[in-house]
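Here is a small set of exercises to work through with the structure open beside you. Try each task yourself before you read the solution.

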Amino acid sequence: MGRLSAQERREGAIRAAIAEFAVAGYHGTTTAAIARRVGVAQPYLFRLFPDKKAIFVAALARSMEETRMAFESAADGVEDGERALQAMTNAYVRLISTRPETLLMQMQGYVAVAAAEARGDALIGELVRAGWMRIWETVHLSLGADADRTADFFACGMLGTAVTAMRPPNDGREGASGGRCVSSRPPRRAG
């Protein structure tokens, strides 16, 4: 295998950062752990990113965009709101079962907002709010701009992400998976 380019190493560092930050958070993750995971020396990591915050921001932005793209791709070409809901629910279940670190990274981002803003740093909050709005708009438009359905989708998704973060035993009980939340709801009644 040939040498990796700086861009390939940067991509690897972002993936490694998502995995590390998702579990340990901003303050609990060291740049040494990220460098080890990606297989580079720590000084090389700082040739790719100016500091730890830049690594966190890149990982957070990537995780939010990957989530948005999963929903957009799932609903692409689906005209019926109910089918779009099911397609995005399935995409969410796939994402959380195959790459839970993507959603857990976002939770770490939500947590980091208040701490960063208390220190006078607005960047993470701006990134999280903008990323959230892009995800919201993607889902909202796919669901026919139905605010209630969009809110329900996100409520169930956040439940699923929180349950994943808690890592409960998988004993088959209802409520053990937020992915079932949306798909098991009865349809809304008209009027």
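**Exercise 1. Work out the order of the elements along the chain, and how many helices and strands there are.**

Step 1: Start at the N terminus and read the elements off, which gives α-α-α-α-α-α-α-α-α.
Step 2: Tally them up, and you get 9 helices and 0 strands. Helices here are DSSP runs of H or I with at least four residues, strands are runs of E with at least two, and the numbering starts at the N terminus.
Step 3: Keep in mind what you're looking at. This is a predicted model, where local features need pLDDT of at least 70 and side-chain atom pairs count only at pLDDT 80 or more, while totals for chains, interfaces and linings use all residues. Residues are numbered from 1 along each chain as its sequence is written, and side-chain values use heavy atoms, with hydrogens and water left out.

**Exercise 2. Describe the chain as a whole: what share is buried, and what share of the contacts links residues 24 or more positions apart?**

Step 1: Of the 191 residues, 41% are buried. That word means under 20% relative accessible area, with exposed meaning over 50% and partly exposed lying in between (1.4 Å probe, protein chains only).
Step 2: Now the contacts, meaning heavy atoms within 4.5 Å. Among those with a separation of 6 or more, 66% are between residues 24 or more positions apart.
Step 3: Finish with the surface. The chain exposes about 10500 Å², and 55% of that comes from carbon and sulfur atoms. The areas are from the Shrake-Rupley method with a 1.4 Å probe, and for residues only the protein chains shown count as cover.

**Exercise 3. Find the largest cavity and say which helices line it.**

Step 1: Rolling a probe the size of a water molecule over the atoms shows where empty space is left. On a 1 Å grid over the protein atoms alone, a cavity is a set of points where a 1.4 Å probe fits but cannot get out, and lining residues have an atom within 4 Å of a point.
Step 2: The structure holds 2 cavities of 30 Å³ or more, and the largest has a volume of about 130 Å³. Grid points are joined across faces, edges and corners, and the volume is the space filled by probe spheres set on the points.
Step 3: Of the 13 residues lining the largest cavity, Thr-67, Leu-103, Gln-106, Phe-154 and Met-158 are the closest to its centre.
Step 4: Helices α4 (52–75), α6 (100–118), α7 and α8 (147–166) each supply at least two lining residues. The largest share, 5 residues, comes from α8.
Step 5: Sort the lining by type: 9 nonpolar, 4 polar and no charged. Nonpolar covers Ala, Val, Leu, Ile, Met, Phe, Trp, Tyr, Cys and Pro, charged covers Asp, Glu, Lys and Arg, and the others, Gly among them, are polar.

**Exercise 4. Compare two loop residues, Asp-121 and Thr-29. What do their side chains reach?**

Step 1: Asp-121 sits in the loop between α6 and α7, and it counts as buried because its relative accessibility is 16%.
Step 2: Its side chain makes a polar contact of 2.7 Å with the side chain of Lys-53. Such a contact is a pair of N or O atoms within 3.5 Å; within protein, one must be able to donate a hydrogen and the other to accept it, and residues adjacent in sequence count only if both atoms are side-chain atoms.
Step 3: A polar side-chain atom of Asp-121 also lies 3.0 Å from the backbone nitrogen of Leu-123.
Step 4: Over to Thr-29, in the loop between α1 (6–28) and α2 (31–38). Thr-29 is buried, at 1% relative accessibility.
Step 5: The Thr-29 side chain reaches the backbone oxygen of Glu-20 at 3.2 Å. Leaving out residues up to four places away in sequence, Thr-29 touches Glu-20, Phe-21, Ala-24, Ile-34 and Lys-52.

**Exercise 5. Take two residues of α8, Phe-153 and Ala-165. Is each one buried or partly exposed?**

Step 1: Phe-153 is buried, at 4% relative accessibility. Its C-alpha is 7.9 Å from that of Thr-89, 64 residues away in sequence.
Step 2: Ala-165 is partly exposed, with a relative accessible area of 37%. Beyond its neighbours within four places in sequence, Ala-165 is in contact with Leu-104 and Met-107.

Note on methods
1 Å grid on protein atoms, 1.4 Å probe; cavity = no way out; pocket = protein on both sides within 12 Å on 5 of 7 lines; lining within 4 Å.
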